Amino acid sequence: MSAEPLNNTDDQFYNNAAKYWSDVPPTVDGMLGGFGYISQTDIKSSKMLLKHLFNAKNPPGKEYALDCGAGIGRISKFLLTDCFEKVDMVEQNKDFLETAKIYLGLKISKIANFYPIGLQNFKPEPEKYDVIWIQWVIGHLTNKDVIPFLIACRKGLKKNGVIVLKENITSTDEIEKDELDSSITRPMFMFHQLFEKAKLSCYRQLKQHNFPKGLYSIYMFVLRPFENHPHDNSGEENLRNGICANRRESNNVTDLNFSSNTNTDITYNNCNF
């Protein structure tokens with residue numbers, strides 16, 4: 001299967017999703033589909049990823065981040081505002097953004113802009129962000145809209161900037177559609193095809209651990225523009241197996257595995273790496 005099949009740009013796909021989220025309570029549990037208790041584990045893994053990136057060669061800066069599909073600001077509050085001087089939030093549901101202004105508490109001082117717009121219509125300002133964070137939202141975009149969105153994000157990066165995409169992955173080579181929330185879940189190789197079409201190189205690929213059984217596998221992809229990180233064309237078989245194009249690098253961290261007895265009652269006060 002190529003990256004072409006889901007090209008439906010019918011407004012119904014987006015309208016159905018907007019209607020679904022309009023009925024979701026503006027809480028952490030609502031944002032996570034009833035799995036609010038996984039939030040700390042999720043944030044801890046994401047913060048560990050940023051630690052690795054900040055300590056890597058040619059790291060991204062720590063000035064400005066963008067939170068895509070921000071909801072009420074869970075990621076902005078517990079991750080991005082701890083690690084960056086300024087954060088922008090983009091979220092199509094205006095009620096979620098209004099809740100965020102309260103939920104963020106004192107962290108709101110680091111929020112520079114609230115953008116009430118769907119990602120299919122959003123274009124970041126060129127060369128503005130050190131990190132663009134896209135989590136559990138890309139499934140609400142059709143393939144036809146994912147590619148221009150990722151291209152726009154690529155153009156929105158500063159020097160050494162990265163896109164972090166954290167998303168569910170199917171266990172088969174097929175797209176799976178959720179009619180309830182009007183979203184899709186893609187197979188691994190399709191993500192890599194979309195990255196290539198957007199001229200993005202997969203610089204890191206990491207699996208999320210310690211989530212409840214029965215959920216999709218979740219991966220974090222760290223993406224850089226081709227021009228910043230030369231692409232090694234490793235072929236369709238590597239894409240199908242979910243291998244980053246340049247995974248052979250010795251410093252390429254491919255697994256963040258926290259043991260089952262890891263204490264997840266952590267305090268998110270800073271990002272001092």
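**Exercise 1.** Does Phe35 count as buried, exposed or partly exposed, and at what relative accessibility?

*Solution.* The structure is a predicted model, and the class follows from computed accessibility. Step one is to recall the cut-offs: a buried residue has under 20% relative accessible area, an exposed one over 50%, and a partly exposed one lies in between. Step two is to place the residue: Phe35 has a relative accessibility of 30% and therefore counts as partly exposed. Step three is to locate Phe35, which belongs to the loop between α2 and α3 (39-54). Step four concerns its surroundings: together with Tyr37 and Leu215, Phe35 forms a nonpolar surface patch, and the accessible area of these residues together is about 280 Å².

**Exercise 2.** Determine which residues of helix α5 are buried, and where they sit around the axis.

*Solution.* Begin with the helix itself, which spans residues 94-103 and has Phe96, Leu97 and Ala100 as its buried residues. These residues lie on the same side of α5, because the arc they cover around the axis is only 95 degrees. Next, consider the face turned away from that buried side: the exposed residues Lys94, Asp95 and Ile102 are found there. Then identify the cover. The elements over the buried residues of α5 include the helices α1 (11-22) and α2 (28-31), along with the strands β2 (86-90) and β3 (111-115).

**Exercise 3.** Describe what is found at the start of α5 and what follows this helix.

*Solution.* At the start, the backbone nitrogen of Asp95 has a side-chain oxygen of Asn93 within 2.9 Å. After the helix comes Gly105, with a positive phi near 60 degrees.

**Exercise 4.** Examine how far helix α7 is enclosed by the rest of the structure.

*Solution.* First, count: α7 covers residues 188-197, and 8 of its 10 residues are buried, so the helix is largely enclosed by the rest of the structure. Second, name them: the buried residues are Met188, Phe189, Met190, Phe191, His192, Gln193, Leu194 and Phe195. Third, look past the helix, where Lys199, just after α7, adopts a positive phi of about 60 degrees.

**Exercise 5.** Set these local results against the protein as a whole.

*Solution.* Start with the secondary structure, which consists of 8 helices and 9 strands. Turn next to burial: 52% of the 273 residues count as buried. For the contacts with a separation of 6 or more, 73% are between residues 24 or more positions apart. Finally, the protein exposes about 12500 Å², of which carbon and sulfur atoms supply 48%.

Notes. Residues numbered from 1 in each chain as written. Predicted model: local features only at pLDDT ≥ 70, side-chain atom pairs only at ≥ 80, totals over all residues. Heavy atoms only, no water. Buried < 20%, exposed > 50% of the residue type's maximum accessible area, 1.4 Å probe, protein only. Helix = DSSP H or I, 4+ residues; strand = E, 2+ residues; numbered from the N terminus. Arc of directions from axis to C-beta. Contact = heavy atoms within 4.5 Å. Polar contact = N/O pair within 3.5 Å; in protein donor to acceptor, adjacent residues only side chain to side chain. Patch = residues over 30% accessible without salt bridge, like charges linked within 9 Å, V, L, I, M, F, W, Y side chains within 5 Å. Areas by Shrake-Rupley, 256 points an atom, 1.4 Å probe, with all protein chains shown as cover. Salt bridge = Lys/Arg side-chain N within 4 Å of Asp/Glu carboxyl O.
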